[in-house]
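Biologist: I am new to this structure and should be grateful for a close look at a single part of it. Would you please take the contact between the two chains as that part, and set it in its surroundings?

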Protein chains: 2
Amino acid sequence: MIIKHIRDIPIDPMDVATDTDIQWLISPVDGEEKIGVRRFIIRAGGSIPPHRHKELYHIQYVIKGRYKVGAGEKEYDVEPGSVIYIPPREVHWYRNESNEDVEFLCIIPLDVDGSTEVVEED
Amino acid sequence: MIIKHIRDIPIDPMDVATDTDIQWLISPVDGEEKIGVRRFIIRAGGSIPPHRHKELYHIQYVIKGRYKVGAGEKEYDVEPGSVIYIPPREVHWYRNESNEDVEFLCIIPLDVDGSTEVVEED
């Protein structure tokens, strides 16, 4: 059994994104090879630009704050308790236009090709 | 893409447990065959008795409240932000001795044998 707390887990700025941190809660380091769990913090005004992954999908759960999730060609408002599934190859992005930090969990399979492509904005 | 909210997802009493509800946030119904995500509510005084699963492991994230998670032969205090990994075959249980409901997410692989055995207490 592993038990730990977010206050003791390293958290790092996310490459490519703006004012966004990523924290790996469960990763292969924990001996778990098939499922990864990350916690994202997008600070007020922060964003993650449009991108897509080859075989990787995301299951997300919003813990705190209100922000916009884009997927395909639409944007959706999410809030605590929102559940989001983003399938492989779908372009997606995030924008926190609020005055508060937002926080969500993002669950991914680790046994697929997670190659990432940032999509140029027009 | 799928987007939904916990307020719109069915939630059911959990068999075997006391004062505990289970809500499947992501299940095979969503087209996701490898990872399931459930939300548990254990109400004040509620509990889930000792049990183990054949190949199933749990990755859990505490959203709300303070309670006790037992695994193996020990009990641990958890709180919002706690991350728990319970490996296959390890006996585990939960007790909410507080005066408030607790809430946690439980992520499981769906492509393994999840047979469950409730362990008789002495």
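Modeller: What follows describes the contact between the chains, then the strands behind it, and finally two individual residues.

The model is a predicted one, and every value below should be read in that light. Chain A has 11 strands and zero helices, so that its elements, read from the N terminus, are β-β-β-β-β-β-β-β-β-β-β. Its C-alpha atoms fill a box of roughly 45 × 30 × 25 Å along the principal axes. A compact globule of 122 residues would have a radius of gyration near 14 Å, and the 14 Å of chain A agrees with this. Of the 122 residues of chain A, 30% count as buried. Among the contacts in chain A between residues at least 6 apart in sequence, 68% join residues at least 24 apart.

The part requested is the contact between the chains. Here 31 residues of chain B are in contact with 31 residues of chain A. On the side of chain B that touches chain A, the elements giving two or more residues are β1 (2-5), β3 (18-26), β4 (35-53), β5 (58-64), β8 (82-86) and β10 (102-109) of chain B. The largest share, five residues, comes from β8(B). By character, the residues of this side divide into 21 nonpolar, four polar and six charged.

How are the two copies related? Chain B is superposed on chain A by a rotation of 180 degrees with 0.0 Å of shift along its axis, at an RMSD of 0.0 Å. This is the relation of a two-fold axis. The same surface serves both copies, for 100% of the contact residues of chain B recur in chain A.

Strand pairing also crosses from one chain to the other. Strand β1 (residues 2-5) of chain A is joined to β8(B) by four bridges, and the two run antiparallel. Within this pairing, H5(A) has S82(B) in β8(B) as its bridge partner.

From β8(B) the pairing can be followed into chain B. Four bridges join β8(B) to β5(B), again in the antiparallel sense, and Q60(B) stands opposite I84(B) of β8(B). Strand β5(B) is joined in turn to β10(B) by five bridges, and these strands also run antiparallel. In that pairing, I59(B) has I107(B) in β10(B) as its bridge partner. Six of the seven residues of β5(B) are buried, so the strand is largely enclosed by the rest of the structure.

Chain A can be described in similar terms. Its strand β5 (residues 58-64) pairs with β10(A) in the antiparallel sense over five bridges, with I59(A) opposite I107(A). Strand β10 (residues 102-109) of chain A also pairs with β4(A), antiparallel and over eight bridges. There, F40(A) stands opposite F104(A) in β10(A).

In soluble globular proteins, nonpolar side chains tend to be buried together. In this model the largest nonpolar core has 52 residues, and those with the most contacts inside it are V37(A), Y61(A), I107(A), V37(B), Y61(B) and I107(B). One of these, Y61(A), has contacts in both chains: beyond four places in sequence, Y61(A) touches V83(A), F104(A) and L105(A), together with L25(B) and L105(B).

Two individual residues complete the picture, and the first is V102(B), in strand β10 of chain B. Is V102(B) buried or exposed? With 25 other C-beta atoms within 10 Å, V102(B) is buried, because 20 or more such atoms are enough for that class. Leaving aside neighbours within four places in sequence, V102(B) is in contact with I42(B), K64(B), G65(B), R66(B), Y67(B) and N96(B). The C-alpha atoms of V102(B) and G65(B) are separated by 4.4 Å, although the residues are 37 apart along the chain.

The second is H51(A), which has its place in strand β4 (residues 35-53) of chain A. H51(A) has 14 other C-beta atoms within 10 Å and is therefore partly exposed. Not counting residues up to four places away in sequence, H51(A) touches V91(A), T116(A), E117(A), V118(A) and V119(A). Between H51(A) and T116(A), 65 residues apart along the chain, the separation of the C-alpha atoms is 6.9 Å.

Technical notes:
Residues numbered from 1 in each chain as written. Chains lettered and ligands numbered in written order. Predicted model: local features only at pLDDT ≥ 70, side-chain atom pairs only at ≥ 80, totals over all residues. Contact = placed C-beta atoms within 7 Å. Nonpolar A, V, L, I, M, F, W, Y, C, P; charged D, E, K, R; others polar. Pairing = 2+ DSSP bridges. Buried ≥ 20, exposed ≤ 12 C-beta atoms within 10 Å, placed from the backbone. Least-squares fit on C-alpha atoms with pLDDT ≥ 70 in both. Core = buried A, V, L, I, M, F, W, Y, C linked by C-beta atoms within 7 Å. Rg over C-alpha atoms; globule rule 2.2 N^0.38 Å.
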